[in-house]
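Thanks for coming. I will go through one structure today, starting with charged pairs and then moving to the interior. Please keep the model open while I talk.

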Amino acid sequence: MKFTLGQIKKNAHSKPFSFDGEVDVSELETMNNDIRLIKPVHVYGDCTMSGDQFIFSFTIQGEMVLPCARTLVDVPYPFEIKTQEIFSASPYLENEDEANEIHPVNGEVLDLTPFIKENILLEIPFRVFSDEANTENNIPNKGNGWEVLSEEISEKKIDPRLQKLESLLKDSKQK
């Protein structure tokens with residue numbers, strides 16, 4: 001979601017500049033986080049100007065798919081994030097605290113997409129749980145290099161390395 005400074009200045013000096021659109025944030029799926037799937041998000045809001053500053057107040061709506069903390073099945077997680085980002089076209093920022101909260105505008109194009117992605121990443125919950133009653137059937141039983149075993153199966157199988165020890169135990173019981 002990109003805007004030119006000329007476009008914002010033309011529309012925002014008398015009334016707020018409104019925007020509404022879809023943003024593709026599928027890149028978040030490839031990052032090191034729990035997001036398995038995320039569709040394009042709906043972003044809408046407005047921008048006001050105050051001197052050299054552009055104040056964006058916007059809402060991000062969408063749905064991401066996360067793994068269940070208990071069963072690892074897919075859990076849809078809808079979200080709605082209301083946020084505000086401040087940008088400055090001025091090359092001079094007053095102090096260091098202000099520089100951390102006010103983002104400089106480099107060039108003539110202002111791109112909201114990185115800030116949209118950042119806010120979505122901050123919204124990811126620590127864990128989610130599936131509400132489905134039949135999650136037992138959806139639990140993965142095998143994976144890359146692992147398999148879930150029941151206790152019955154593991155008790156019946158004897159480790160071949162320990163089979164000789166079992167014969168020694170049988171000999172000592174017979175004596």
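The count of salt bridges comes to two, where a salt bridge is a side-chain nitrogen of Lys or Arg within 4 Å of a carboxyl oxygen of Asp or Glu. Before the pairs themselves, a note on the source: this is a predicted model, in which local features need pLDDT of at least 70 and side-chain atom pairs count only at pLDDT 80 or more, while totals for chains, interfaces and linings use all residues. Residues are numbered from 1 along each chain as its sequence is written, and side-chain values use heavy atoms, with hydrogens and water left out.

One salt bridge joins the side chains of Lys-117 and Glu-27, at 2.6 Å from N to O. Lys-117 sits in helix α3, residues 113-123, and Glu-27 in the loop between β2 (17-23) and β3 (37-38), so this pair ties together parts that are 90 residues apart in sequence. Helices (H or I, at least four residues) and strands (E, at least two) are DSSP runs, numbered from the N terminus. Lys-117 is buried, with a relative accessible area of 16%, whereas Glu-27 is partly exposed at 45%. Buried means under 20% relative accessible area, exposed over 50%, and partly exposed in between, with a 1.4 Å probe and protein chains only.

Arg-36 forms a salt bridge with Asp-74, and the closest N and O atoms are 2.5 Å apart. This pair also links distant parts of the chain: Arg-36 is in the loop between β2 and β3, Asp-74 is in strand β6 (residues 74-88), and they are 38 residues apart. Arg-36 is partly exposed, at 38% relative accessibility, and Asp-74 is partly exposed at 44%.

Now the interior. Which residues of the largest nonpolar core touch the most other members? They are Val-41, Phe-56, Leu-112, Ile-116 and Ile-120, out of 34 residues in that core. α1 (5-12), β2, β4 (41-50), β5 (53-67), β6 and α3 each supply at least two residues of this core. The largest share, six residues, comes from β5. By nonpolar core I mean a set of buried Ala, Val, Leu, Ile, Met, Phe, Trp, Tyr and Cys residues joined through side-chain atoms within 4.5 Å.

Take Ile-120. Leaving aside neighbours within four places in sequence, Ile-120 is in contact with Val-25, Leu-28, Ile-38, Val-41, Ile-60, Met-64, Phe-79 and Ile-81; contact means heavy atoms within 4.5 Å.

Asn-119 is also in helix α3 and is buried, at 12% relative accessibility. With the same sequence neighbours left aside, the contacts of Asn-119 are Ile-60, Ile-81, Thr-83 and Glu-85. Asn-119 and Ile-81 are 38 residues apart in sequence, yet 7.5 Å apart in space, C-alpha to C-alpha. The side chains of Asn-119 and Glu-85 are joined by a polar contact of 3.4 Å. A polar contact is a pair of N or O atoms within 3.5 Å; within protein, one must be able to donate a hydrogen and the other to accept it, and residues adjacent in sequence count only if both atoms are side-chain atoms.

Last, the cysteines. How many disulfides does a search of the whole structure find? Zero, a disulfide being a pair of cysteine sulfur atoms within 2.5 Å. Cys-47 is buried at 0% relative accessibility, and Cys-68 is buried at 2%.
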